[in-house]
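Here is a short guided tour of one protein chain, written to be read with the structure open beside you. Turn the view as you go, and pick out each residue when its name comes up.

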Amino acid sequence: MALKITALRIDPVSLGEIFLLADITPSYEYKDGERTDKLDGYRYSVVLPAHKMEKLSIKVSNKIPLVDIENSGEIPIGTAVKFSNLEVGSYYSKTQGICITAKADSVDFVK
């Protein structure tokens, strides 16, 4: 049986110690390959200084965003954030090749 790329996990420590917030966007449930209107969390786009500012999107299932993006409109870009129980993996896309996927239980500002 062949090893599947989706079965491999990436050690989150290898991403570096600092995650800088770049954007927050809503994440919606999918049913039968189609996006629904049901909110299932938020995606936090961060940049990784340890990897030449590469961008990574991390899904957090909490339905309350770290920042009220609907009312304040201000996302504190460049602010350091931390994730609890961060899991990082990979998958293959026919159009993009090997891609990174990440999810966490929660996100908070670094104090």
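## A word on contacts

Contact here means heavy atoms within 4.5 Å. With that in hand, take Leu86: leaving aside its neighbours within four places in sequence, Leu86 is in contact with Pro12, Leu15, Phe19, Ile58, Ala102, Lys103 and Ala104. Please keep in mind that this is a predicted model.

## The overall picture

How many helices and strands does the protein have? There are zero helices and eight strands, so the pattern along the sequence reads β-β-β-β-β-β-β-β. The C-alpha trace spans about 50 × 35 × 25 Å along its principal axes.

Of the 111 residues in the protein, 31% are buried. The accessible surface comes to about 7800 Å², and carbon and sulfur atoms hold 52% of that surface. Among contacts with a separation of 6 or more, 50% are between residues 24 or more positions apart. As for charge, the protein carries 14 positive and 15 negative side chains, and the centres of these two sets lie 6 Å apart.

## One open sheet

The eight strands form an open sheet with mixed pairing, and their order is E1-E6-E7-E4-E3-E2-E5-E8. Which strands stand at the edges? They are strand E1 (9-10) and strand E8 (106-109); each has a single partner strand, so one side of each is left without a neighbour in the sheet.

Two of the pairings show the mixture well. E3 and E4 run antiparallel and are joined by seven bridges; in this pair, Leu48 stands opposite Glu54 in E4. E4 and E7, on the other hand, pair in the parallel sense over two bridges, and here Lys59 stands opposite Lys103 in E7. That Lys103 was already met above, as one of the contacts of Leu86.

## The nonpolar core

In soluble globular proteins, nonpolar side chains tend to be buried together. In this model, the largest nonpolar core has 20 residues, and the members that touch the most others are Phe19, Tyr44, Val46, Ile58, Phe83 and Leu86. Two or more residues each come from strand E2 (19-31), strand E3 (34-48), strand E4 (54-60), strand E5 (80-84) and strand E7 (97-104). E3 gives the largest share, four residues.

Leu86 makes a handy starting point for exploring this core, as its contacts include Phe19 and Ile58, which are also among the members that touch the most others.

## Two residues to compare

Is Ser45, a residue of strand E3, buried or exposed? Ser45 counts as buried because its relative accessibility is 13%, below the 20% limit for that class. Not counting residues up to four places away in sequence, Ser45 touches Leu20, Leu21, Ala22 and Asp23, and also Lys55, Leu56 and Ser57.

Ala80 lies in strand E5. With a relative accessible area of 24%, Ala80 is partly exposed, because that class runs between 20% and 50%. Its contacts, leaving aside neighbours within four places in sequence, are Phe19, Leu20, Phe109 and Val110. Leu20 thus appears in the contacts of both Ala80 and Ser45. Looking further along the chain, Ala80 and Ile10 are 70 residues apart, and their C-alpha atoms are separated by 21 Å.

## Two loops with an unusual backbone angle

Most residues other than glycine have a negative phi. Which residue in the hairpin of E3 and E4 takes a positive phi? That residue is Lys52, with a phi near 55 degrees, in a hairpin that has five residues between the strands. Lys52 sits in the loop between E3 and E4, and at 80% relative accessibility Lys52 counts as exposed.

Asn85 also departs from the usual sign: although not a glycine, Asn85 has a positive phi of about 55 degrees. Its place is in the loop between E5 and strand E6 (87-93). Asn85 is exposed, with a relative accessible area of 51%, a value over the 50% cut-off.

Terms used. Residues numbered from 1 in each chain as written. Heavy atoms only, no water. Core = buried A, V, L, I, M, F, W, Y, C linked by side-chain atoms within 4.5 Å. Buried < 20%, exposed > 50% of the residue type's maximum accessible area, 1.4 Å probe, protein only. Pairing = 2+ DSSP bridges. Areas by Shrake-Rupley, 256 points an atom, 1.4 Å probe, with all protein chains shown as cover. Lys, Arg positive; Asp, Glu negative; His and termini not counted. Charge placed at Lys NZ, Arg CZ, Asp CG, Glu CD.
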